[in-house]
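Welcome! Open the model, keep the sequence beside it, and try each exercise on your own before you read the solution.

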Amino acid sequence: MDLTTRFPFVWLILMALPWPSRCSGAPEPSLQQDPFDAARSEMVTEQIAARGIKDSNVLKAMRQVPRHLFVPMDEQRHAYEDRPLSIGYGQTISQPYIVALMTELARPKPTDRALEVGTGSGYQAAVLAQLVAKLFTIELLKPLADEASRRLHELGVQNVVVRNGDGYAGWREEAPFDIILVTAAPDHVPPPLLEQLKPGGRMVIPVGHVLDAQELLLIEKDTAGRTRTENVIPVRFVPLRRGDEE
Ligand code: SAH
């Protein structure tokens, strides 16, 4: 999907940001200029393609989604660095490579219906939304869910629905899903998520205790409903919390 279709308001938002060249008497930027364009291309080449992500649609989506608009203002200058960043409330936006890897492992198709557990900033949702028909995403913390929903709306992303709730239970009313991406780590694969995965579907999920090593798993369900699990790489995600904690 083209950037201008999904992000028609990006350029307006960018124009509202400080623009150093204005102060230095340089020519006014055109509406099409994005101050982070070069940094984003470099991120894709050096952090993502160089580490083996090959799906050209994933690389294109990572090149298009303005990651700096998903982090707090004071973190924007770090938005394209090779690391996770804080998004407030003790939560983080994943390292760009991990977002790309999870998206590639899910093998998204334009007709797919997807579920994400752990909306956070909405960045992973915006990337995956470029590559599927419809994405449902659940966030436990209401302020983050509200902010991500507003942000995706402002950026013109129309095929994502954000809900505030406990994603351990999945999203029964909208199930089954071709893809389930979980971006917070439980210590076991939640059975409701396995149930809500379509035959032929793919789930990408980090599993493990917080301080122990977590593993990123790719779980595929065959057409007979049997699952096959592959350990992909060790990862470190914030824990998947339950709605009834605290
Ligand atoms: N995908 C996000 C980053 C996720 S950080 C992004 O692109 O920015 C993990 C998120 O999972 C946090 O926002 C956390 O609040 C949320 N979370 C933790 N437990 C959850 C649960 N049970 N259900 C839904 N969201 C949960």
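**Exercise 1. Find the loop that holds Arg107, and describe its backbone.**

Step 1. Look for α6 (96-105) and for β3 (113-117). Arg107 lies in the loop between α6 and β3. Please keep in mind that this is a predicted model.

Step 2. Now check the backbone angle. Arg107 is not a glycine, yet its phi is positive, at about 45 degrees.

**Exercise 2. Which loop holds Tyr89, and what is its phi?**

Step 1. Go to the loop between β1 (85-88) and β2, where Tyr89 is found.

Step 2. Read its phi: the angle is positive, about 55 degrees, although Tyr89 is not a glycine.

**Exercise 3. Which two residues does a cis peptide bond join?**

Step 1. Move to the loop between β5 (160-164) and β6 (177-182); Pro176 lies there.

Step 2. Look at the bond between Ala175 and Pro176. This peptide bond is cis, with omega at about 5 degrees.

**Exercise 4. Describe the largest pocket: its volume, its lining and its contents.**

Step 1. Start with the volume, which is about 560 Å³. The lining has 35 residues, and those closest to the centre of the pocket are Gln91, Thr92, Thr183, Ala184 and Val238.

Step 2. Sort the lining residues by class: 18 are nonpolar, 12 are polar and 5 are charged.

Step 3. Ask which elements contribute. β2, α6, β3, α7 and β4 each supply at least two lining residues. β2 gives the most, with 3 residues.

Step 4. Look at what is inside: the ligand sits in this pocket.

**Exercise 5. Which residues come nearest to the ligand, and where are its polar contacts?**

Step 1. Begin with the shell. There are 26 residues around the ligand, and Ser121, Glu139, Asp166, Gly167 and Arg241 come nearest.

Step 2. Sort the shell by class, as you did for the pocket. Here you find 11 nonpolar, 11 polar and 4 charged residues.

Step 3. Trace the shell back to its elements. At least two residues each come from β2 (91-93), β3, α7 (123-129) and β4 (134-139). The largest share is that of β2, with 3 residues.

Step 4. Now go through some atom pairs, using 3.5 Å as the cut-off for a polar contact. A polar backbone atom of Arg241 is 2.4 Å from a nitrogen atom of the ligand. For Thr183, a polar side-chain atom lies 3.1 Å from a ligand nitrogen atom. For Gln124, a polar backbone atom is 3.0 Å from an oxygen atom of the ligand.

Step 5. Finish with the cover. On its own, the ligand has 580 Å² of accessible area, and the protein covers 99% of that.

Note on methods: Residues numbered from 1 in each chain as written. Predicted model: local features only at pLDDT ≥ 70, side-chain atom pairs only at ≥ 80, totals over all residues. Heavy atoms only, no water. Near = heavy atom within 4 Å. Polar contact = N/O pair within 3.5 Å; in protein donor to acceptor, adjacent residues only side chain to side chain. Areas by Shrake-Rupley, 256 points an atom, 1.4 Å probe, with all protein chains shown as cover. 1 Å grid on protein atoms, 1.4 Å probe; cavity = no way out; pocket = protein on both sides within 12 Å on 5 of 7 lines; lining within 4 Å. Sits in = over half its atoms within 2 Å of the grid points. Helix = DSSP H or I, 4+ residues; strand = E, 2+ residues; numbered from the N terminus. Nonpolar A, V, L, I, M, F, W, Y, C, P; charged D, E, K, R; others polar. Points joined across faces, edges and corners; volume = space filled by probe spheres on them.
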